[in-house]
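Biologist: Could you pick one part of this model and go through it closely with me, side chain by side chain? I'd also like to know how that part ties in with the rest.

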Amino acid sequence: MKSQSPESGHPAEKPLLAAAAPSLSPLGAAFILLKSALGAGLLNFPWAFHRAGGVLPALLVELVSLVFLISGLVILGYAAACSGQGTYQGVVRGLCGPAVGKLCEACFIANLLMISVAFLRVTGDQLEKLCDSLLPGALLATQPWYADQRFTLPLLSALVILPLSAPREIAFQKYTSILGTLAACYLALVITAQYYLRPQGLVREPPPSLGPSSWTSVFSVFPTICFGFQCHEAAVSVYCSMRGQSLARWALVSVLSLLGCCLIYSLTGVYGFLTFGSQVSADVLMSYPGTDAAVVVARVLFAVSVVTVYPIVLFLGRSVMQDFWTRSWRGNWGPRALADPSGPWVRVPLTVLWVTVTLAMALALPDLSKVIGIIGGLSSFFIFIFPGLCLICAMDVEPVGPRAK
């Protein structure tokens with residue numbers, strides 16, 4: 001790759017070639033990053049606090065991890081400005097070479113596919129529990145057909161998820177991201193309020209014993225943190241869609257979004273753990289009575305929260321397939337409308353294919369524990385390994401000057 005000319009200015013302050021007309025405000029960018037991180041991992045944090053051995057060890061690991069998480073986002077913004085690419089995999093391929101780029105694409109699409117399956121499965125479980133609370137005493141064998149997630153989940157995918165996933169640009173997601181963020185905030189507030197109000201029917205455990213059983217138990221919470229805070233896959237696309245691209249503004253967006261995410265995760269983890277102690281479920285909502293009105297509303301809103309983050313994940317996975325389509329397209333066959341992968345003739349079928357495959361996997365898989373393990377392992381590549389490689393290669397291409405320092 002050729003170096004930038006001196007007249008081009010600092011790399012983090014020039015517009016990207018991949019973003020012809022950025023239309024996303026910094027506030028909208030912060031909401032999209034925040035909502036990208038606020039997914040199914042929110043329900044696991046109280047259980048992760050229990051595994052870490054208490055509130056203090058878990059918060060300490062979370063705060064230390066936050067430094068590296070924010071650094072990774074800033075590095076990705078700088079690498080995107082140096083490479084001029086508009087996608088995560090494009091940045092890695094442009095800076096680190098085609099071999100690393102292919103590895104990134106394979107890990108990228110596998111990770112996003114598993115995340116989409118997990119989101120749909122969690123949404124289906126929440127819908128099923130919601131039907132159980134609305135139909136108390138009904139046995140599974142006698143439940144009406146419309147209460148089965150094999151009907152409700154495909155219906156939700158067709159009527160809500162598919163239309164939200166069809167738009168061409170990620171900037172559209174800023175509206176649904178605000179709604180999803182408010183839903184996640186409500187869940188954190190309900191868990192906090194339940195600890196102090198002690199509603200009838202809620203069985204609280206005695207105060208949990210503090211202190212980890214071993215140092216390995218403290219660091220066992222790290223994969224959950226990576227799964228919960230992973231928004232790095234969307235970082236490059238969000239940066240390229242942001243108006244007034246600069247490294248300082250992007251760093252501010254990264255700090256604000258992850259600090260807000262940290263606050264919501266910490267409230268949920270601390271008060272969920274203090275309420276149930278060692279008896280907390282991996283899905284904290286499962287520990288609450290199904291008839292509690294506030295918990296029922298929280299279950300509905302959490303399903304809304306997950307549904308609004310699914311289109312962001314699909315957009316990122318679709319971008320990998322669109323890049324592959326562009327590289328493999330040959331103009332001597334097929335209509336000209338298929339030459340543009342962002343056009344409706346290519347974009348919509350890819351969207352339908354992604355939703356159909358992930359829906360089938362979500363309905364077929366009986367247990368998501370192994371899927372969550374795969375997600376936690378792959379997310380470390382996109383949070384730590386690939387950003388580090390991009391930084392090393394970007395400094396070779398365009399050395400960091402006094403202004404960047």
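Modeller: I'll start with the overall layout, then go into one helix and its partners, and work outwards from there.

This is a predicted model, so local features need pLDDT of at least 70 and side-chain atom pairs count only at pLDDT 80 or more, while totals for chains, interfaces and linings use all residues. Residues are numbered from 1 along each chain as its sequence is written, and side-chain values use heavy atoms, with hydrogens and water left out.

The chain has 14 helices and zero strands (DSSP runs numbered from the N terminus, with at least four H or I residues for a helix and at least two E residues for a strand). Of its 405 residues, 54% count as buried (under 20% relative accessible area; exposed is over 50%, partly exposed is in between, with a 1.4 Å probe and protein chains only). Take the contacts with a separation of 6 or more (contact means heavy atoms within 4.5 Å): residues 24 or more positions apart account for 86% of them.

The part I'd zoom in on is α4. Seven of its nine residues are buried, so the helix is mostly covered. Those buried residues are Y88, Q89, G90, V91, V92, L95 and C96. Right after α4 comes G97, with a positive phi near 105°.

R93 is one to click on. R93 is partly exposed because its relative accessible area is 24%. The side chain of R93 meets that of E105 in a salt bridge, with 2.7 Å from N to O (a side-chain nitrogen of Lys or Arg within 4 Å of a carboxyl oxygen of Asp or Glu). The pair links distant parts of the chain: R93 sits in helix α4 (residues 88-96) and E105 in helix α5 (residues 98-134), twelve residues apart. E105 counts as buried, because its relative accessibility is 10%.

The structure holds two salt bridges, and the other one to look at involves D125 and R121, whose closest N and O atoms are 3.5 Å apart. Here the partners are four residues apart in helix α5, so about one helical turn separates them. That fits the general rule: an α-helix has 3.6 residues a turn, so residues three or four places apart point the same way. D125 is partly exposed at 24% relative accessibility, whereas R121 is buried at 14%.

Back at α4, Y88 has company. Ring pairs join Y88 with F108, F381, F382 and F386 in a cluster (Phe, Tyr and Trp rings, using the six-membered ring of Trp, pair if their centres lie within 6.5 Å; planes under 30 degrees apart are stacked, over 60 edge-to-face, the rest tilted). The count comes to 14 aromatic pairs. One of them is F45 with F229, edge-to-face at 6.2 Å centre to centre and 65° between the planes. That pair also spans distant parts of the chain, with F45 in helix α2 (residues 45-52) and F229 in helix α9 (residues 222-229), 184 residues apart. Both F45 and F229 are buried. Then there's Y195 with Y196, also edge-to-face, at 5.0 Å and 80°; Y196 is exposed, with a relative accessible area of 55%.

Helix α9 turns up again around S65. S65 lies in helix α3 (residues 55-83) and is buried at 5% relative accessibility. Leaving out residues up to four places away in sequence, S65 touches F222 and I225. A polar atom of the S65 side chain lies 2.7 Å from the backbone oxygen of V61. For a similar look elsewhere, T308 is in helix α12 (residues 293-328) and is buried at 4%. The backbone oxygen of S305 lies 2.7 Å from a polar atom of the T308 side chain.

Last stop: the empty space. The whole structure has one cavity of 30 Å³ or more (a set of points on a 1 Å grid over the protein atoms alone where a 1.4 Å probe fits but cannot get out; lining residues have an atom within 4 Å of a point). About 150 Å³ lies in the largest cavity (the space filled by probe spheres set on the points, which are joined across faces, edges and corners). Its lining has 18 residues, with S36, I115, F119, Q230 and V313 nearest the centre. The elements giving two or more residues to that lining are α1 (26-37), α5, α9 and α12.

Definitions and conventions
Polar contact = N/O pair within 3.5 Å; in protein donor to acceptor, adjacent residues only side chain to side chain. 1 Å grid on protein atoms, 1.4 Å probe; cavity = no way out; pocket = protein on both sides within 12 Å on 5 of 7 lines; lining within 4 Å.
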